[in-house]
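Open your viewer, switch to a cartoon view and keep the selection box at hand. We will go from stop to stop, with something to pick out at each one.

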Amino acid sequence: MNEKLGERRPDTEGRDPLTGVLKKHMAEERIASCMRERRGGTLFLCDVDHMKEINEQYGHQTGDECLKQAAQILSYMISSKDILGRCGGDEFLIFVPECQDTEQAQEICRRIQERFRAGRGKEKDRVPLSLTVVWEQKKTGSTYQKLFERVCKKLEQQKAVCVTTKAEGRKRKDYYIADVRRIKEELTEQIRKQEAYCQDYETFKSIYRFLERGIARSGYQACTILLTVVDRQGKSPLPHEKEVLMEQLGEDIGRTLRIGDVYTRYSSSQYLLLVIDTTKGQADRIVDRIRERFVEKRHGEDVLIHHCYELQAARNEKAMK
């Protein structure tokens, strides 16, 4: 099967008016005659992919041009001994009498598909074409009709596999989309109050370490603040007063911090705060606002003291050694 011109002699009666290749009945007569004269040969059935979509998206005139283009490419790929015909709306027959073994048939099939694949995208305005190609070799005693039925059945099976694969791909895609939606629903917090994020200490620690790891990459700043409740003498309040004080302080912290900040109860008289996108100076001013809320309600009987430091990027200890 040589890439040179074949089947291009003028013959208006026996040729398809759109593509110029042999009409189905003419191609079948020649193939049947060739099969009676020769012992071997391979019948190829080429189906232009996505013709329905091409006609719908670009119009039937463009679809006709695609069929012409496909016929022209195939005609240049056959030899003078090969027979090429249009056997359906988007299907072409090729009979190669000199192809008598499996490897040669597979190579021809590969070359046809590669030829169309290589032409895709070369011209921006050209609709990309691809072919599904199947083949059947002549068996001893088989007629053209039996050979044609076998190759048609193989094409149907091949197309069914492609449709199933695409359908399964869409199902998998839909399945993954459903997963993403479910994950988003599960992870997204339904915020009821515009307050800071109060968490238990273990969760606070995980958030802290996550931020610590990301500082070097993101470039943001964060500060940790330790707030401690003491009396005027700097001592811890009495046990029966402590819970009331800590509950009040927790409310004041939540209302003062921004919605993206995090805090946790660290001890019986301490809260630990993690304020995002904040410098140490800004953290001090945040504490002042919390202190004003807290002390105002306590009539100056209790005092808040705080310690603050800026987060540093996490370091790989092994890499430093």
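How many bridges join S1 to S3, and do they run parallel or antiparallel? Select the two strands, S1 at residues 42-48 and S3 at 91-96: six bridges join them, and the strands run antiparallel. Keep in mind throughout that this is a predicted model.

**The whole chain**

Zoom out for a moment. The chain has 321 residues, of which 40% are buried, and its secondary structure comes to nine helices and nine strands. Its accessible surface is about 20000 Å², with 48% of that belonging to carbon and sulfur atoms. Of the contacts between residues at least 6 apart in sequence, 70% join residues at least 24 apart.

**The four-stranded sheet**

Now add S2 (83-86) and S4 (131-137) to your selection. Together the four strands form an open sheet in the order S2-S3-S1-S4, with antiparallel pairing. S2 and S4 stand at the edges with a single partner strand each, so one side of each has no neighbour in the sheet. Look along the sheet and you can follow its twist, which averages 20° from one strand to the next.

**Strand S1, residue by residue**

Show the side chains of S1. In a regular strand, side chains alternate between the two faces of the sheet. Here Thr42, Phe44, Cys46 and Val48 lie on one side, while Leu43, Leu45 and Asp47 lie on the other, and all of them are buried. That covers seven of the seven residues in S1.

Next, trace the pairing on each flank. Toward S4 there are seven bridges, again antiparallel; Val48 has Leu131 as its bridge partner there, and Cys46 stands opposite Val133. Toward S3, select Asp47 and its bridge partner Glu91.

**Helices H3 and H4**

Select residues 60-76, helix H3. At 1.5 Å a residue, its 17 residues should span 24 Å, and the end C-alpha atoms are indeed 24 Å apart. Color its buried residues: Gly63, Cys66, Leu67, Gln69, Ala70, Ala71, Ile73, Leu74 and Ser75. Which elements do they pack against? The buried residues of H3 pack against S1, S2, S3 and S4, as well as helices H2 (51-58) and H4.

Move on to H4, residues 102-118. This helix lies across S1, S3 and S4, and runs at about 165° to S4.

**A pair of cysteines**

Select Cys87 and Cys152 and draw a distance between their sulfur atoms. The sulfur of Cys152 is the closest cysteine sulfur to that of Cys87, at 6.5 Å, which is too far for a bond. A disulfide needs the two sulfurs within 2.5 Å, and a search of the whole structure finds zero disulfides. Cys87 itself is buried, with a relative accessible area of 12%.

**Two residues with positive phi**

Most residues other than glycine have a negative phi. For the last stop, select two that do not. His50 has a phi near 60° and sits in the loop between S1 and H2. Is Asp277, with its phi near 55°, buried or exposed? Asp277 is exposed, with a relative accessible area of 52%, whereas His50 counts as partly exposed at 39%. You will find Asp277 in the loop between strand S8 (270-276) and helix H8 (280-298).

Terms used
Residues numbered from 1 in each chain as written. Predicted model: local features only at pLDDT ≥ 70, side-chain atom pairs only at ≥ 80, totals over all residues. Heavy atoms only, no water. Pairing = 2+ DSSP bridges. Axes fitted to C-alpha atoms, helices over the stretch in contact; angles between N-to-C directions. Contact = heavy atoms within 4.5 Å. Buried < 20%, exposed > 50% of the residue type's maximum accessible area, 1.4 Å probe, protein only. Areas by Shrake-Rupley, 256 points an atom, 1.4 Å probe, with all protein chains shown as cover. Expected span 1.5 Å × (residues − 1).
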